[in-house]
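Q: I have a model open and would like to learn how to read its helix packing, its core and its odd backbone spots. Could you walk me through them?

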Amino acid sequence: MKQLDRAPAQDDASFAELKDEIAAFVAGPAEEWAQRIERDRSVPAELWDDLRARGYLSLAAPPAYGGRGIPFTRYLELMELFSMSHASIRMIVHVVNGTWRAMDRYASDDQLRRFIIPSIKGEVKIAFTLTEPTAGTGADLRCSVEREGDTYFLSGDKHLITFGTICDYWLLFARRAGTRGADGTVALLVARDAPGATVQPMEESMGVRGTDHARLHFERTPVPVANRLGGEGQGLDVALGGFLTPSRISVAMSCVGLARRAHELAIAYAKRRETFGKTLTQRQAIRFMIAENATDIEAARQLVLHAAREWEAAGSSAAALSSMAKLHAVEMLTRVTDKALQIHGGTGFWQPNAIERVYRDARAQRFEEGTNEIQKTVIARELLGGG
Ligand SMILES: Cc1cc2nc3c(=O)[nH]c(=O)nc-3n(C[C@H](O)[C@H](O)[C@H](O)COP(=O)(O)OP(=O)(O)OC[C@H]3O[C@@H](n4cnc5c(N)ncnc54)[C@H](O)[C@@H]3O)c2cc1C
């Protein structure tokens with residue numbers, strides 16, 4: 001396993017400049033992208049180009065791979081900012097800055113050159129392809145492969161796959177036919193144009209509007225064995241192993257950023273809206289909601305950063321803390337967005353009010369990197385063992 005996560009820290013001044021630059025992007029160009037996405041209900045290819053040109057797809061990767069090597073806790077400060085913009089922008093930044101981590105731990109030099117570095121450069125799009133319509137997430141996996149010489153033949157179904165229609169490769173998890181549990185699981189990079197693969201866009205979603213999601217069917221799709229990351233039996237390690245902890249922490253910080261956006265929108269509205277001759281900010285009921293939201297957000301941010309520091313220090317409680325951070329942050333986001341919408345009154349329920357979009361986008365976070373039920377299962381297992 002490679003140890004490239006500890007990249008050299010950037011100096012404080014240049015990091016502060018980068019933060020200011022991203023804050024300005026979020027407040028300016030990202031809002032224009034957001035309006036375009038909401039209007040057209042699709043993410044234009046030019047948005048990917050813009051994010052790539054600004055260097056926002058290679059923030060977290062190590063310099064050896066062409067990345068900027070921003071240390072993880074600092075990268076999270078940037079993720080908080082990106083999460084204040086449209087959920088589809090946040091999704092691209094989060095996925096591209098994270099997927100290399102899952103692959104890197106098992107990639108050969110050849111795979112590093114063919115998949116990881118081009119992905120960090122934004123030249124190749126990779127979709128994380130785990131969820132199945134007829135199986136639970138993880139060891140329940142049903143997509144299967146049969147090996148003939150240097151080729152696997154892949155059969156089965158996947159769905160809800162982000163970037164699944166526009167990607168160049170699916171980072172797909174399957175198992176050798178006839179195996180059970182983690183045994184025989186494989187992680188494969190399957191080319192988007194491989195024969196025997198049927199790709200269907202999912203219907204429109206409640207939030208994260210514009211991002212494509214795919215339903216996939218494979219019928220003896222040939223995949224070179226050379227496109228397998230790690231060995232047979234390591235598929236679930238690639239999908240759910242050490243990669244998941246930082247990714248959960250990053251999603252938890254996304255909740256903090258989105259909650260902060262809701263909070264700021266609520267404050268701005270409360271300052272300008274007058275009822276019975278007073279602004280809403282002069283009403284104790286509203287002031288209390290704003291105070292509760294500020295407290296909730298700050299508590300979640302500190303737990304997320306604590307989990308991040310524990311992971312950076314390779315601490316033994318990093319896995320449990322990452323699930324605690326995700327669970328707590330997503331519950332916080334639900335509370336904060338609900339109150340923020342309430343402060344907006346009835347108009348908040350209508351488009352194009354930004355809080356309407358934020359409220360819808362917030363709901364998606366309850367699924368990303370594991371539901372609350374799964375986080376609780378992880379925390380309990382860390383505390384109590386297998387039981
Ligand atoms: C916007 C969005 C983007 C997504 N992008 C991707 C992607 O790019 N790639 C990908 O692979 N997947 C993706 N997903 C799928 C997502 O990871 C799953 O929806 C999520 O993990 C839940 O799995 P499921 O939908 O199969 O729900 P199910 O497993 O059917 O679960 C249904 C309910 O039962 C609970 N449950 C299930 N099993 C247990 C258990 N053992 N114990 C207790 N409770 C349980 C769950 O918590 C949930 O509340 C995406 C989903 C969304 C909403």
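A: Happy to; we will go through helix pairs, then the core, then a few single residues. Keep in mind that this is a predicted model.

Q: Let's start with helix pairs. At what angle do α8 and α10 pack, and how far apart are their axes?
A: Read the angle and the axis distance together. Helix α8 (residues 244-272) and helix α10 (residues 318-343) pack at about 20°, and their axes lie 8 Å apart. Angles under 35 degrees count as roughly parallel, so α8 is roughly parallel to α10. The crossing of α8 past α10 is left-handed. Sorted by class, this contact holds 21 nonpolar, four polar and two charged residues.

Q: Now α4. How does α4 pack against α8, by angle and axis distance?
A: Helix α4 (residues 72-82) meets α8 at an angle of about 35°, with 7 Å between the axes. Here the crossing is right-handed. On the α4 side the contact is made by Phe72, Tyr75, Leu76, Met79, Glu80 and Leu81, while α8 brings Pro246, Ile249, Ser250, Met253, Ser254, Val256, Gly257 and Arg260. By class, that contact has nine nonpolar, three polar and two charged residues.

Q: And which way do α4 and α5 run, parallel or antiparallel?
A: The angle answers this, since it is taken between N-to-C directions. For α4 and helix α5 (residues 87-104) it is about 155°, with axes 9 Å apart. Angles over 145 degrees count as roughly antiparallel, and α4 and α5 are therefore roughly antiparallel to each other. Their crossing is left-handed. Phe72, Tyr75, Met79 and Phe82 of α4 meet Arg90, Val93, His94, Asn97 and Arg101 of α5. The classes here are five nonpolar, two polar and two charged residues.

Q: On to the core. Which residues touch the most other members of the largest nonpolar core?
A: A good way in is to look for the best-connected members. The largest nonpolar core has 112 residues, and those touching the most other members are Phe25, Leu51, Tyr75, Leu154, Val190 and Leu229. Among the elements, α8 gives the most to this core, with 12 residues.

Q: Tyr75 has come up before. What is Tyr75 in contact with, beyond its neighbours within four places in sequence?
A: Its partners are Leu59, Ala60, Ile70, Val93, His94, Asn97 and Ser250. You can place some of them already: Val93, His94 and Asn97 are in α5, and Ser250 is in α8.

Q: Next, backbone oddities. Which peptide bond is cis?
A: Look at omega. The bond joining Gln351 and Pro352 is cis, with omega about 0°. Pro352 sits in the loop between α10 and α11 (354-364).

Q: What is phi at Phe163 and at Arg220?
A: Check the sign first. Phe163 is not a glycine, yet its phi is positive, about 65°. Arg220, also not a glycine, has a positive phi of about 45°. Phe163 lies in the loop between β3 (151-162) and β4 (169-176), whereas Arg220 is within strand β7 (residues 213-224).

Q: Is Phe163 buried or exposed?
A: Phe163 has 3% relative accessibility, so it counts as buried. Arg220, at 39%, counts as partly exposed.

Q: One last residue: where is Ala299 found?
A: Ala299 is in helix α9 (residues 284-312). Its relative accessibility of 40% makes it partly exposed. Along the sequence Ala299 and Val256 are 43 residues apart, and in space their C-alpha atoms are 9.6 Å apart.

Note on methods
Residues numbered from 1 in each chain as written. Predicted model: local features only at pLDDT ≥ 70, side-chain atom pairs only at ≥ 80, totals over all residues. Heavy atoms only, no water. Axes fitted to C-alpha atoms, helices over the stretch in contact; angles between N-to-C directions. Helix = DSSP H or I, 4+ residues; strand = E, 2+ residues; numbered from the N terminus. Parallel < 35°, antiparallel > 145°, perpendicular 65-115°, else oblique. Left-handed = near helix turned anticlockwise from the far one by under 90°. Nonpolar A, V, L, I, M, F, W, Y, C, P; charged D, E, K, R; others polar. Core = buried A, V, L, I, M, F, W, Y, C linked by side-chain atoms within 4.5 Å. Buried < 20%, exposed > 50% of the residue type's maximum accessible area, 1.4 Å probe, protein only. Contact = heavy atoms within 4.5 Å.
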